[in-house]
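Please work through the following exercises with the sequence and the coordinates open beside you, and try each task before reading its solution.

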Amino acid sequence: MDILRSRLASQFSDSRESIGELLRENGEFVIDSVHLSQVFGGMRGIHGLVCDTSTVDPIAGLVIRGRGVKELGACSPEEVFWLLLTGELPEYEELFSFRQDLQLRRRLPDWMDGFLAAMPAGSHPMSMFNAAVLAMQGQSHFARAYHSTPKSELWQPALEDALDLFATMPLLAVRVYRQRYGLVDKPGSADADYISQLASGLLGREDSDFESLLRRYIVVQSDHENGNVCALAAHVTGSAHADLYYAVSAGLNGLAGHIHGLAAQDFIRFLHSLQDELGSEPAEESIRQAMQQRLDSGRVLPGFGHAVLRQADPRFEILYAIADERYQDNPLFRLASRVYSVGTELLKAHPRVKNPYPNVDAITGVVLQLAGIEQLEFYTVLFGVSLSIGILAQNVVSRGIGSPIVRPRSVATAELRALAGG
Ligand code: NMX
Ligand code: MLT
């Protein structure tokens with residue numbers, strides 16, 4: 001990938017120079033202040049990280065390299081990965097040779113089937129996927145090159161790992177899916193692109209509608225700056241010069257949390273529990289009572305709320321529009337739509353909830369379920385496949401601009417009390 005490597009070499013050299021200048025001239029400039037409530041509140045809202053691949057605007061939502069996520073409708077994951085790395089969409093020839101390079105990298109080690117088969121029966125697909133990523137760490141270019149590579153050049157072996165992992169993730173997800181659910185493996189065509197490998201591997205057949213859905217699904221969830229649990233865990237791990245296999249695995253561990261990436265399976269589980277208790281298309285009032293009961297018993301409504309967004313999530317809106325077009329007569333989709341409006345109404349009345357709207361996890365599970373991927377525990381694996389695109393790009397950029405190890409200070413409660421004069 002000489003074109004990409006030479007682009008990044010000059011991009012990172014310029015960035016290091018301009019960041020150095022910025023710091024020399026403005027290093028003491030105050031960009032934020034920290035409130036005691038934020039220290040106790042999961043550091044919410046504190047601006048303390050650099051992320052050049054994307055930003056999350058509380059109102060507009062995800063913006064990737066200056067482009068709102070709704071603008072990226074026609075893009076493939078390969079194009080978005082290139083955009084995240086370089087700041088620009090690839091030209092036709094660049095994309096062509098990028099895809100050729102990725103095809104050569106798209107392979108799993110011979111031992112992978114045996115490794116997955118040896119995992120305990122009934123393992124969560126997330127733990128299988130994550131264990132497999134970690135088990136491939138022996139292939140890391142970064143780990144091998146580390147002791148002979150100057151710090152300023154570490155982005156080069158990081159890029160090799162990022163390209164290998166980007167190419168391999170769809171294949172690995174398919175292998176986990178087929179192994180975990182006892183499905184016969186369907187080897188995809190060797191020259192298939194990222195999405196067709198993933199789509200045909202999951203469904204076991206070609207289906208252009210599923211491919212176009214999956215393309216949108218992967219692209220809208222490909223990055224969400226580096227403050228979310230998954231990307232932050234990966235960013236911190238990478239900052240200690242752990243290679244990308246370790247860093248992605250760290251991120252996947254975080255994504256497997258119920259109030260983060262596991263919310264997609266929890267939302268569908270909630271819809272199924274409503275159907276079990278109230279019938280396939282319950283009346284709005286019954287839904288309201290069930291949701292209120294859940295809130296009253298101190299449990300969250302999965303698929304609602306957000307730590308940064310203060311408006312409806314554009315990622316939700318994009319996938320909802322596709323579902324609305326394809327599945328408006330389906331009882332599960334009609335139930336989900338009622339749950340979205342009832343949940344928003346209840347959370348608007350909640351005294352502390354800052355975002356009452358459905359988030360992306362309230363729709364991803366629904367579209368996958370309706371498209372025929374029924375094993376709901378698998379949904380977070382697909383979130384991991386998409387969010388790892390951003391993690392890979394962020395890691396290469398961080399090594400390229402020479403980001404240091406992450407190490408904020410901690411404060412004891414007694415010290416905070418004393419500081420506040422209490
Ligand atoms: N249901 C019930 N209570 C909620 C919800 C919800 N969906 N969302 C927020 N709250 C509560 C929250 O637990 C907190 O309670 P307390 O004061 O008792 O600690 C209070 O409202 C204030 O929370 P916020 O400041 O609005 O939200 P925060 O930034 O702390 O958390 C989430 C954001 C996403 C963790 C939270 O909204 C949540 O737990 N949502 C449900 C789980 C979910 O859907 N997660 C997926 C998020 C998206 N993703 O892809 O990761
Ligand atoms: C994400 O996509 O990672 C989630 O929306 C969580 C977040 O950004 O905090």
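The exercises below concern a predicted model, and they treat the bound ligand and then the enclosed space.

**Exercise 1.** Determine which residues come nearest to ligand 1, and which polar contacts they and others make with the ligand.

*Solution.* Begin with the shell, where 21 residues surround ligand 1 and H260, G303, R352, K354 and D361 come nearest. Next, take the polar contacts, for which a pair of N or O atoms must lie within 3.5 Å. A polar side-chain atom of D361 is 2.4 Å from an oxygen atom of the ligand, and an N or O atom in the side chain of H260 is 2.7 Å from an oxygen atom of the ligand. At I259 the partner is a polar backbone atom, which lies 2.8 Å from a nitrogen atom of ligand 1. Finally, consider the cover: ligand 1 taken alone exposes 890 Å², of which the protein buries 77%.

**Exercise 2.** Explain why ligand 1 lies between domain 1 and domain 2.

*Solution.* Domain 1 comprises 2-260 + 380-400 and domain 2 comprises 267-376. Both domains give residues to the shell around ligand 1, and therefore the ligand lies between them. By character, that shell divides into 12 nonpolar, 5 polar and 4 charged residues.

**Exercise 3.** Find which helix gives the most residues to the lining of the largest cavity.

*Solution.* The count of cavities of 30 Å³ or more comes to 1, and the largest cavity holds about 50 Å³ of space. Its lining includes A231, H235, I391 and R399. Both α11 (229-239) and α18 (379-400) supply at least two lining residues, but α18 gives the most, with 5. The lining divides into 3 nonpolar, 4 polar and 1 charged residues.

Note on methods: Residues numbered from 1 in each chain as written. Chains lettered and ligands numbered in written order. Predicted model: local features only at pLDDT ≥ 70, side-chain atom pairs only at ≥ 80, totals over all residues. Heavy atoms only, no water. Near = heavy atom within 4 Å. Polar contact = N/O pair within 3.5 Å; in protein donor to acceptor, adjacent residues only side chain to side chain. Areas by Shrake-Rupley, 256 points an atom, 1.4 Å probe, with all protein chains shown as cover. Nonpolar A, V, L, I, M, F, W, Y, C, P; charged D, E, K, R; others polar. Domains from an automatic or database assignment. 1 Å grid on protein atoms, 1.4 Å probe; cavity = no way out; pocket = protein on both sides within 12 Å on 5 of 7 lines; lining within 4 Å. Points joined across faces, edges and corners; volume = space filled by probe spheres on them. Helix = DSSP H or I, 4+ residues; strand = E, 2+ residues; numbered from the N terminus.
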